[in-house]
Amino acid sequence: TLDAALETRASGEVVTADGGVEIQVIATFLDRDGRPCRAFEGLDLGAEALTEGLACRAAPGDWATEVVLANRISPAPEAAGQGDAFVPASGAADHALDDALDRLGAGMSLTPAEERTLIAAGWTD
């Protein structure tokens, strides 16, 4: 489901995988070599887990995961009992994502129009 979301979905769209995990592409950018890369999140409310990651296009239909980080989440104090507001634990994850972006030489996020064009062209320019 993650590969399919990375391959076909625009940033901001949510896809629900088996088991109820919600996958969302957050942004698309090109790395220093011109490869399309995408930041993504997976939210599993049942397991109280948020997964964040970066993947870059490796071959047609194939995405290579560059980094993946899992965080525990918990209900926000003011939302206790409501079940729809969660707060991720903070920590090294932010630094690990920043380090991976630096290592990749990430450029600015593509505009929605640029992203749509790449998706429609099968990720070739």
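# Exercises on a predicted fold

Strands β3 and β4 form a hairpin with 4 residues between them, and glutamate 48 in its turn has a positive phi of about 50 degrees. The model is predicted, and the exercises below start from this hairpin.

## Exercise 1. Strand pairing

Determine in which sense, and over how many bridges, β3 pairs with β4, and then follow the pairing back through β2 to β1.

Solution.

Step 1. β3 and β4 run antiparallel and are paired through 8 bridges. One residue pair fixes the register: glycine 42 has threonine 51 in β4 as its bridge partner.

Step 2. Strand β3 covers residues 36-44, and its antiparallel pairing with β2 also counts 8 bridges. Here valine 25 is matched with phenylalanine 40 in β3. The hairpin of β2 and β3 has 5 residues between the strands, and in its turn glycine 34 has a positive phi of about 85 degrees.

Step 3. β2 (residues 22-30) is in turn joined by 3 bridges to β1 (residues 14-16), again with the strands antiparallel. Valine 14 faces glutamine 24 of β2. This hairpin has 5 residues between its strands, and glycine 19 adopts a positive phi near 85 degrees.

## Exercise 2. Enclosure of a strand and its disulfide

Is β4 largely enclosed by the rest of the structure or left open, and which cysteine pair forms a disulfide?

Solution.

Step 1. Of the 11 residues of β4, 8 are buried, so this strand is largely enclosed by the rest of the structure.

Step 2. The model has 1 disulfide. Its partners are cysteine 37 and cysteine 56, whose sulfur atoms are 2.1 Å apart. This distance falls inside the cut-off of 2.5 Å.

Step 3. The pair links distant parts of the chain, since cysteine 37 belongs to β3 and cysteine 56 to β4, with their positions 19 residues apart in the numbering. A disulfide is a covalent bond between two cysteine sulfur atoms.

Step 4. The torsion about the S-S bond of cysteine 37 and cysteine 56 is about 105 degrees, and the disulfide is therefore right-handed. Both cysteine 37 and cysteine 56 are buried.

## Exercise 3. The nonpolar cores and the largest pocket

Identify which residues make up the largest nonpolar core, and state which residues lie closest to the centre of the largest pocket.

Solution.

Step 1. The largest nonpolar core has 10 residues: Phe29, Cys37, Ala39, Leu54, Cys56, Val67, Leu69, Leu97, Ala100 and Leu104. At least two of its residues come from each of β3, β4 (49-59), β5 (62-75) and α2 (92-104). The largest share, 3 residues, is supplied by α2.

Step 2. Another core, of 8 residues, lies apart from the largest one; Leu6, Val25, Ala55 and Trp123 are among its members.

Step 3. The largest pocket holds about 170 Å³ of space. Its lining has 14 residues, and those closest to its centre are Ala27, Phe29, Ala39, Leu54 and Leu101. Each of β2, β3, β4 and α2 gives at least two residues to this lining.

Step 4. Compare the lists: Phe29, Ala39 and Leu54 appear both in the largest core and among the residues closest to the centre of the pocket.

## Exercise 4. Charged residues that are buried

Establish which contacts the side chain of arginine 38 makes with backbone oxygens, and which side chain glutamate 7 contacts.

Solution.

Step 1. Arginine 38 sits in β3. Its relative accessibility is 0%, so arginine 38 is classed as buried.

Step 2. A polar atom of the arginine 38 side chain lies 2.6 Å from the backbone oxygen of leucine 6. The side chain of arginine 38 also reaches the backbone oxygen of arginine 9, at 2.8 Å.

Step 3. Glutamate 7 lies in helix α1 (residues 2-8). With a relative accessible area of 18%, glutamate 7 is buried, because the cut-off for this class is under 20%. Its side chain makes a polar contact with the side chain of arginine 57, at 2.3 Å.

## Exercise 5. Two alanines and their spatial neighbours

For alanine 17 and alanine 113, decide whether each is buried, partly exposed or exposed.

Solution.

Step 1. Alanine 17 is in the loop between β1 and β2. Its relative accessibility is 14%, so alanine 17 counts as buried. Alanine 17 and leucine 2 are 15 residues apart in sequence, and their C-alpha atoms are 8.3 Å apart.

Step 2. Alanine 113 belongs to helix α3 (residues 112-120). Its relative accessibility is 40%, so alanine 113 counts as partly exposed. Alanine 113 and alanine 10 are 103 residues apart in sequence, with 9.9 Å from C-alpha to C-alpha.

Definitions and conventions
Residues numbered from 1 in each chain as written. Predicted model: local features only at pLDDT ≥ 70, side-chain atom pairs only at ≥ 80, totals over all residues. Heavy atoms only, no water. Pairing = 2+ DSSP bridges. Core = buried A, V, L, I, M, F, W, Y, C linked by side-chain atoms within 4.5 Å. Buried < 20%, exposed > 50% of the residue type's maximum accessible area, 1.4 Å probe, protein only. Polar contact = N/O pair within 3.5 Å; in protein donor to acceptor, adjacent residues only side chain to side chain. 1 Å grid on protein atoms, 1.4 Å probe; cavity = no way out; pocket = protein on both sides within 12 Å on 5 of 7 lines; lining within 4 Å. Points joined across faces, edges and corners; volume = space filled by probe spheres on them.
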